[in-house]
Amino acid sequence: MPHQPIITGSGVEVTPLCDAVGPMGPSIRRPPAELFPGSGLPDEPWVLHFHCYLLRDAADRLTLVDTGIGAADSPAASWAPVPGTLAGELAAAGVTPAEIGTVILTHLHSDHASGTVAEGRPVFENARHVLQRAELDAAAGRMLDEVVTPLKDQLHVVEGDVEVAPGVHVHATPGHTPGHQIARAGELAMTGDLVLHPVQLADPAIRYLYDEDQETAARTRADVLAGLRAEQAILATAHFSEPFHRL
């Protein structure tokens with residue numbers, strides 16, 4: 001079942017949807033201290049929660065942030081706990097895929113975007129899919145062939161900071177991937193993989209092994225978190241055990 005929603009100061013209801021829970025598969029699993037060098041994390045399994053977010057504004061327009069890990073044969077199958085349960089989470093929230101008007105993809109890693117397509121067809125048939133230009137330009141392999149290409153005319157490609165639905169903005173936050181973006185609704189920031197582990201809240205300089213550009217990611221993380229902390233914002237995270245974290 002979905003987590004309890006919160007309502008932002010701008011009147012947007014945000015419901016966390018838990019697509020999956022589990023550790024990384026052996027193909028990419030590393031000790032936490034190796035994943036986050038200098039963190040001092042103990043040698044215990046890192047269990048990830050895979051959260052997506054459903055946004056409903058005052059006019060009942062629906063936006064989905066990220067689409068999870070997808071089916072058992074999705075591009076995430078080599079390392080993530082497939083299949084994802086996003087469809088069931090949406091149904092439990094009383095929403096069908098056809099009702100979603102906007103999908104924001106924070107980035108094109110397989111655990112955030114593979115649920116966009118099923119059996120070669122877009123799952124959210126009536127939705128614009130918001131993606132940063134830099135992320136689209138870097139798309140390759142199965143994510144390009146099996147996720148991006150089937151979306152065709154449903155892609156809404158942006159550059160930088162843009163309002164993509166009433167009261168919902170995206171902000172470019174490169175580093176984890178070239179075109180990583182976060183989404184904002186009022187005081188709530190849906191952070192994708194800007195922050196992977198709570199240890200990075202205490203020290204944003206702690207790097208993550210699978211950031212594509214670790215230096216840029218650390219700089220972006222520090223800058224964005226400083227701004228969000230100054231606002232006393234609420235984070236809606238992708239992989240923490242609890243979805244919401246008040247700064």
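Is Tyr208 buried or exposed, and what is its relative accessible area? Select Tyr208 to begin: with a relative accessible area of 4%, this residue is buried, a term that means under 20% relative accessible area, with exposed set at over 50% and partly exposed in between, for a 1.4 Å probe and protein chains only. The model is a predicted one, in which local features need pLDDT of at least 70 and side-chain atom pairs count only at pLDDT 80 or more, while totals for chains, interfaces and linings use all residues. Residues are numbered from 1 along each chain as its sequence is written, and side-chain values use heavy atoms, with hydrogens and water left out.

Next, add Trp46, which counts as buried at 12% relative accessibility. The ring centres of Trp46 and Tyr208 are 6.2 Å apart and their planes stand at 75 degrees, so the pair is edge-to-face; rings of Phe, Tyr and Trp (its six-membered ring) pair if their centres lie within 6.5 Å, and planes under 30 degrees apart count as stacked, over 60 as edge-to-face and the rest as tilted. Because Trp46 lies in the loop between α1 (32-35) and β3 (47-56), and Tyr208 in the loop between α6 (199-202) and α7 (214-231), the pair ties together parts that are 162 residues apart in sequence. Helices (H or I, at least four residues) and strands (E, at least two) are DSSP runs, numbered from the N terminus. Extend the selection to Phe36 and Tyr210, which ring pairs link with Trp46 and Tyr208 into a cluster.

Then turn to the open sheet, whose seven strands follow the order β1-β2-β3-β4-β5-β8-β9 with mixed pairing, where two strands pair if DSSP finds at least two bridges between them. Its edge strands are β1 (6-7) and β9 (155-158).
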